[in-house]
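Trainee: I am new to this structure and would like a close look at a single part of it. Please take me through that part slowly.

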Amino acid sequence: MSALRNSAEWKAIQAHHQEIVPVPLRKLFSSDPRRFHSYSLHFNDILFDYSKNLINNKTLPLLFDLARAVKFEKKRDAMFSGDIINTTEHRAVLHTALRKQDATAVYFDHQDVMPKIKATLSKMRHFCDDIHSGNWKGYSGKKITDIVNIGIGGSDLGPKMVSTALTPYAQADLKAHFISNADQSHLINALTHLNPETTLFIIASKTFSTLETMTNANSAKHWFMQQAPDKAAIKKHFIAISTHAENVTTFGIDKANMFEFWDWVGGRYSLWSSIGLSIALYIGMDNFEALLDGAFDADQHFHTTPLEENIPVVMALLGIWYNNFFDADTHAILPYAQDLDFFADYFQQGDMESNGKNTDFDGNQVDYSTGPIIWGQPGTNGQHAFYQLMHQGTKLIPCDFLAPAQSHYDLPEHHDILLSNFLAQPEALMHGKNATEVEKDLQNNKEATKVLISSKVCVGNKPSNSFLFKKLTPKTLGSLIAFYEHKIFTQGVIWNINSFDQMGVELGKVLAKVILPELKNDKIIDSHDSSTNGLINAYKQLR
């Protein structure tokens, strides 16, 4: 048995779990009129309500004991200090430095990283100013009207999620497009509507060798050169975000058009770096820096606030509670804001790539559940798709609801209807509807059979968190993203796993490189297992 499961703190939580399972949320609320006040936290314009969870006044203290037993606070400090906490890749984890707003130094390998960060932000600002003012023009002298971000993983999901979320702040005369999939339809569908004279491509790849990204980048360059007068035009239309200057110049991009970022920035934590250039272009550098400012505020909260009042820590420990003691396999993220369309997608990568691990820091196989399956989509759409299972299915699905109190728009009725659903769904999941209540509703219905009554019963007792914030601004979004990042880190510390590598991602890439040359001819393949051989050979026949 692992040290974690064998610890006194873990066993105390197990015993407490048996005590609380029989106590329904209805009873917890009816016995404590101040439950909301006891189980909610405020941060700037954000309210975090966690009162609709299967917890009492013993639960979180036991979970805090577990966090302290694994020396969480020490490990949190190590991340902020630039220590090597990504031990498999021997890297620091310093995405928090990217949004640092004060002047204190952050050291990695005996060097303060802040001057380089500030220099990159300054370069981004000058570039954004040139694009927005029209000083930077395409090869034919026309102003840039479209930016195309080509990346994959965090180099795509981060910029796409934030840009979509902050659409109300977009520059009036600039459109953003995001290409990631190696499926050519993704690129072709975007290029069909673009003018090469007014299009700027941003190629985002740490090594400038990522197969999907460079395949799309080369095809975009080919499309561009079919209409550009000469190769010199590339200088006005292609920007690189990379750590590899040689590969950038080999591709044909002027080194002056390269924006740097660093090995201590993980891909799924990189939107705060120059990877966020497409965000800054789309919403303006002032708004991009407000995004950083919101994340920095959340960093300060996470780093200095006692565990009992620390929003990301509470989020994380509640996740541990359900994942490890209630056997909940998934967690749903349900924003009641259409602009947060890609928020769940973003943290699907952020969480599952970070904590989808089965080996601990000592190289041992874990004997407990680690990262949950993250999923979701904006309400109210989800209500007509999968909420049925949440209300009456047999699976426990903890979930987060998020909503702004104010909309950026002013169509009558819409926002009140949206927020009424945001408020009703967690209440319905918590409260449910028992047979007596159903019978009362159906007392005048002569066809109210046992089957009908049973089919209308919702057992309730389904846990959720709610985030209510004033408005979806760049600063508020920055704080929300950082909260989820720190939640993921905290859970990784509890599970004693490295949240900052992604070795499993590499295996499929390696095998794809083996198969790719085998697809270049019509020979029968027999070098793999029978299923893979069969699929390869069938593909060759069908193509």
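Which residues of E12 are buried on one side, and which on the other?

Mentor: Bear in mind that this is a predicted model. On one side of E12 the buried residues are Cys399, Phe401 and Ala403. On the other side they are Asp400, Leu402 and Pro404, also buried, and both faces of the strand are covered. Strand E12 spans residues 399-404, and 6 of its 6 residues are buried, so the strand is largely enclosed by the rest of the structure.

Next come the strands that pair with E12. Strand E10 (residues 330-335) pairs with E12 in the parallel sense, over 4 bridges. In E10, alanine 332 stands opposite cysteine 399 of E12. Strand E13 (residues 464-469) also runs parallel to E12, and 6 bridges join the two. Here phenylalanine 401 of E12 stands opposite serine 466 in E13. In general, strands of a sheet pair through backbone hydrogen bonds, either parallel or antiparallel.

Phenylalanine 401 deserves a second look. A search of the whole structure finds 34 aromatic pairs. One of the pairs joins phenylalanine 201 and tryptophan 223, with ring centres 6.0 Å apart and planes at 80 degrees, so it is edge-to-face. Tyrosine 387 and phenylalanine 401 form an aromatic pair that is edge-to-face as well, at 6.5 Å centre to centre with 75 degrees between the planes. This pair links distant parts of the chain: tyrosine 387 belongs to helix H17 (residues 387-392) and phenylalanine 401 to strand E12, 14 residues apart. Both tyrosine 387 and phenylalanine 401 are buried.

Phenylalanine 401 therefore appears in several places: it is among the buried residues on one side of E12, a strand largely enclosed because 6 of its 6 residues are buried. It stands opposite serine 466 in E13, and its ring pairs with that of tyrosine 387.

Strand E13 leads on to another group of rings. Phe467 belongs to one aromatic cluster with Tyr39, Phe48, Tyr50, Phe343, Tyr346, Phe347 and Tyr484. The residue number of Phe467 falls within strand E13, residues 464-469.

For another part of the model, there is an open sheet of 5 strands, in the order E6-E5-E7-E8-E9, with parallel pairing. Its edge strands are E6 (175-179) and E9 (258-260), each pairing on one side only.

Technical notes. Residues numbered from 1 in each chain as written. Predicted model: local features only at pLDDT ≥ 70, side-chain atom pairs only at ≥ 80, totals over all residues. Heavy atoms only, no water. Pairing = 2+ DSSP bridges. Buried < 20%, exposed > 50% of the residue type's maximum accessible area, 1.4 Å probe, protein only. Phe/Tyr/Trp six-rings, centres within 6.5 Å; stacked < 30°, edge-to-face > 60°.
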